[in-house]
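Mentor: Please look over the model below before we discuss it. I shall then take your questions in turn.

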Amino acid sequence: MKIVKFGGSSVSNAENILRCIQIIKYKSINDSILVVVSAFGDMTDYLLDAAKSASVKDEKYLQVFSQIENHHIQIVKSLIPTSKQASVLSQVILKLNELEVLLNGCCLLGELSKKTEDLILSYGERLSAYILSEVIKAEGADCQLVDSRDILKTDEHFGKAIVNFTLSNSLIRSFFRENKHKVSIIPGFVAESESKQITTLGRGGSDYTAAIIAAALDMESLEIWTDVSGIYTADPKLVKQARTIKSLSFQEAMELSHFGAKVLYSPTLQPILAKNIPLYVKNTFEPEAAGTIIHHTIPRINGNAVRGISNIDHVALITLEGPGMVGVTGFSERLFEVFSKAEINIIFITQASSEYSICFAIEEVEAERAEKKINEEFHLEITEQKIKPALVEKDLSIIAVVGENMKNHQGISGKMFSALGRNNINIRAIAQGASERNISTIIAQKNVRKALNTLHEAFFEEDVVQLNLFIMGVGNVGSRFLEQIDKQREYLFKYLKLNVRVIGLANSRTMFFNEEGIVHNQWKESLNAGEKCSLDGFIERIRQLNLRNSVFVDMTASEEVARSYASYLYNSIGVVTCNKIACASDYDFYKRLKDLSRKYHAPFLFETSVGAGLPVIDTLKNLIASGDRIHKIEAVLSGSLNFIFNHFDDTTSFDEAVEMAQAAGYTEPNPLIDLSGIDVQRKLMILVRESGYKIEFHEVENGGFLPESCLKAKSTTELYQLLKENRSHFDALYYAASKVGGKLKFVASFEQGVARVGLQIIPSDHDFYHLEGKDNIILFYTDRYCEQPLVVKGAGAGASVTASGIFADVIRIGNKNI
């Protein structure tokens, strides 16, 4: 004999009922089969909504009851031949009329007791079982309808009745010895007290019914058919990468079900645990799928000690603390007695080793009642200030990491907490049993999705890290960056285990977000159709999305955007930027950004702020980290100025060379920033600060070469006009260098605490003389590189190399190489 249970959502319409019947037929070919049935669809919610309606004439009441009535009648008409419908419809309508009388009574009296609620709720399963049995009979099968009230006896704890196993087991065995049919249909969830009052078995009661019968009859196995293919590593509605767990121990399943795994409820396992009856969780829509098997064997798959992650939402944390608790015998007993008398279930508990405080989690709906009861019980101690009044915190959730073999693996809790910490998920409380089968934490409910995805990535996704990028500025550099991401996507996933997604884009006018990732070849259209952009609105949307491994990428030259970095870092959102302003602003702001980055585990990378794609800052960081000390820096840090002076000669005027550099995308949007030396001042400041020295912008000497009139240009057009008017000035600079066989280079230097930038004539034997095109060069003189400097040289301007430098910083974050 086999026993199966079909879930409510799996039999919510005619098509799904036919699927169930096909499975029943298949399984009853060689064996008799007992089928436990849940209510069709969301009957529980429908019925309670109807019972709580204000009036029988209330539109909501009429609508709800009409839904219930039409739903059941339609199923009968769809599945039973017309010639056999009359008697079935008659019985269904009779039961619905009874139900309507009950609902009318509740509405008229304005009262709904637990006893009446159980009676009303029983109609869902009873009607569903009756209709299903008639459908199977209509197809000619040997089928009987078993009234679960005849075989399941309970106390009168309405809403979650306690089963009398001695009596129930006896009745179950006796009934099935005397009644042998090929198919038996039994309503789940519904039972009866010894005084003949209808009771229900609480949440997951239909699964529990099936397990009770399976244990009483010593079945070989129990199958629960639902609408998912087994138990998942996490809630698949919240974690898209969640996958089916093929095998679980009873203990692991018990922990997962206790901490919110929706497919299975922990009472289901209790009857079959002692009998060692394996439980299969299968999918009605995919009967061939393996599903999950739960049994005594402790599985070990690929050495992963963590088997699943689950969560309970709408939790309240209650804390009781005070010196009056320390060493007081019986204090905990009094506290737990409060909950016992109030029939409030404690989900989670932890106590400080000093006994100074104890905290526990309960369902949020019970929080106010619990707080009142606790304060009443300990009124004297509170009055005498031995303990504080109960502190209640709401809007919380429990996240539990579960695995039978966790106790044999070191570092799991560290991995769990570091992953949550990196994503700014604050832990309010922690509990871990001596069995080490689960580690439970309480966090803010708003962080549940992020926490589940973060932990799932850490324990189940083969070290694949998902990076969620939010990009501000999509001009030349930004568009090249997006192209590079798309081109390298498969490589990153295959070889570096990185899944890089662009979630948000913004320019000066609009912004656009897509939580599933912006389609690479449609980003322009999406951004054009986006909403109005604002800096506050952009970061607020990132906070609302609350995605793990979020990174803000700034590709602007905006001071306002640079000043917003602190808000991102404070929220544990990484920042990658080519914008020099933040790190070249006042020293206190620079230091604050670095401190926020460390405090909130938010990467702050700005490699491309100096040298575009060259590894200048990374090289400098490695020198300092390894104990070296910088004494002197000499550098050509402006690719645009180097390009200009390399093309400025007796055939190409200075203003023409500037136009060429801007057309090639080597200058800032306003070329005056490059020509004035401000850009180089900022870059040198960043290098000096990263070398460990404190320096402000005004301390960098600027030996500028522009005439005063050019420095006062109010627009790019005016600047070019003034450059033309001052050609003789620039020609004189060129001929002065040419006369001595030198070349013009705009050089940055730092030595003995003095920082300078300015135009220099470079002789032919100098390292800078042969610096071609838009290249940069940086010479570091250190304790270790004292005679011959460490040289970093290469392209220092251009959209592609800058984009590649930003991309490298993003990859560093993904590889945690920061």
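Trainee: Which residue of β19 stands opposite Phe470?
Mentor: Helices (H or I, at least four residues) and strands (E, at least two) are DSSP runs numbered from the N terminus. Eight bridges join β18 to β19, and these strands run parallel; two strands pair if DSSP finds at least two bridges between them. Facing Phe470 in β19 is Gly504.

Trainee: What kind of model is this, and what is left out of the side-chain values?
Mentor: This is a predicted model, in which local features need pLDDT of at least 70, side-chain atom pairs count only at pLDDT 80 or more, and totals for chains, interfaces and linings use all residues. Residues are numbered from 1 along each chain as its sequence is written, while side-chain values use heavy atoms and leave out hydrogens and water.

Trainee: How many of the residues of β18 are buried?
Mentor: Buried means under 20% relative accessible area, exposed over 50%, and partly exposed in between (1.4 Å probe, protein chains only). Val465, Leu467, Leu469 and Ile471 point one way from β18, whereas Gln466, Asn468, Phe470 and Met472 point the other way, and all are buried. The strand is mostly covered, and its buried residues number eight of eight.

Trainee: Which elements cover the buried residues of α17?
Mentor: In helix α17 (residues 535-545), the buried residues are Leu535, Gly537, Phe538, Ile539, Ile542 and Leu545. Covering is judged by contact, meaning heavy atoms within 4.5 Å. The elements that cover these residues include β18 (465-472), β19, β20 (510-513), β22 (550-554), α18 (559-562) and α19.

Trainee: Which residue follows α17, and what is its phi?
Mentor: The residue after α17 is Asn546. Its phi is positive, near 55 degrees.

Trainee: Is Lys497 buried, partly exposed or exposed?
Mentor: Lys497 is found in the loop between α15 and β19 (498-506). Although it is not a glycine, Lys497 has a positive phi of about 55 degrees. Its relative accessibility is 31%, so Lys497 counts as partly exposed.

Trainee: What is the relative accessibility of Asn571?
Mentor: Asn571 lies in the loop between α19 (565-570) and β23 (574-577). Leaving aside neighbours within four places in sequence, Asn571 is in contact with Asn424 and Arg543. Asn571 counts as buried because its relative accessibility is 19%.

Trainee: How far apart in space are Asn571 and Asn423?
Mentor: In sequence, Asn571 and Asn423 are 148 residues apart. In space, C-alpha to C-alpha, their separation is 8.5 Å.

Trainee: Which residue of β17 is the bridge partner of Ile430?
Mentor: Strand β16 (residues 429-432) has a covered face, Ala429 and Ala431, and an uncovered one, Ile430 and Gln432. Four bridges join β16 to strand β17 (residues 438-444), and the two run antiparallel. On β17, the bridge partner of Ile430 is Thr441.

Trainee: Which strands stand at the edges of the sheet β4-β6-β7?
Mentor: This open sheet has three strands in the order β4-β6-β7, with mixed pairing. Each edge strand has a single partner strand, so one side of each is left without a neighbour in the sheet; these strands are β4 (153-154) and β7 (198-200).

Trainee: At what angle does α5 run to β7?
Mentor: Strand β6 (residues 190-193) is joined to β7 by three bridges, and they run antiparallel. Helix α5 (residues 114-138) lies across β6 and β7. Axes are lines fitted to C-alpha atoms, for helices over the stretch in contact, and angles run from 0 to 180 degrees between N-to-C directions. The angle of α5 to β7 is about 75 degrees.

Trainee: What volume does the second largest pocket have?
Mentor: On a 1 Å grid over the protein atoms alone, a pocket is an open set of points where a 1.4 Å probe fits, with protein on both sides within 12 Å along at least five of seven lines; lining residues have an atom within 4 Å of a point. Grid points are joined across faces, edges and corners, and a volume is the space filled by probe spheres set on the points. The second largest pocket has a volume of about 830 Å³.

Trainee: Which residues lie nearest the centre of the second largest pocket?
Mentor: The elements that give two or more residues to its lining are α15 (476-495), α22 (639-647), α24 (672-675), α25 (678-690) and α29 (799-814). The lining has 40 residues, and nearest the centre lie Val477, Met555, Thr667, Glu668 and Pro669.
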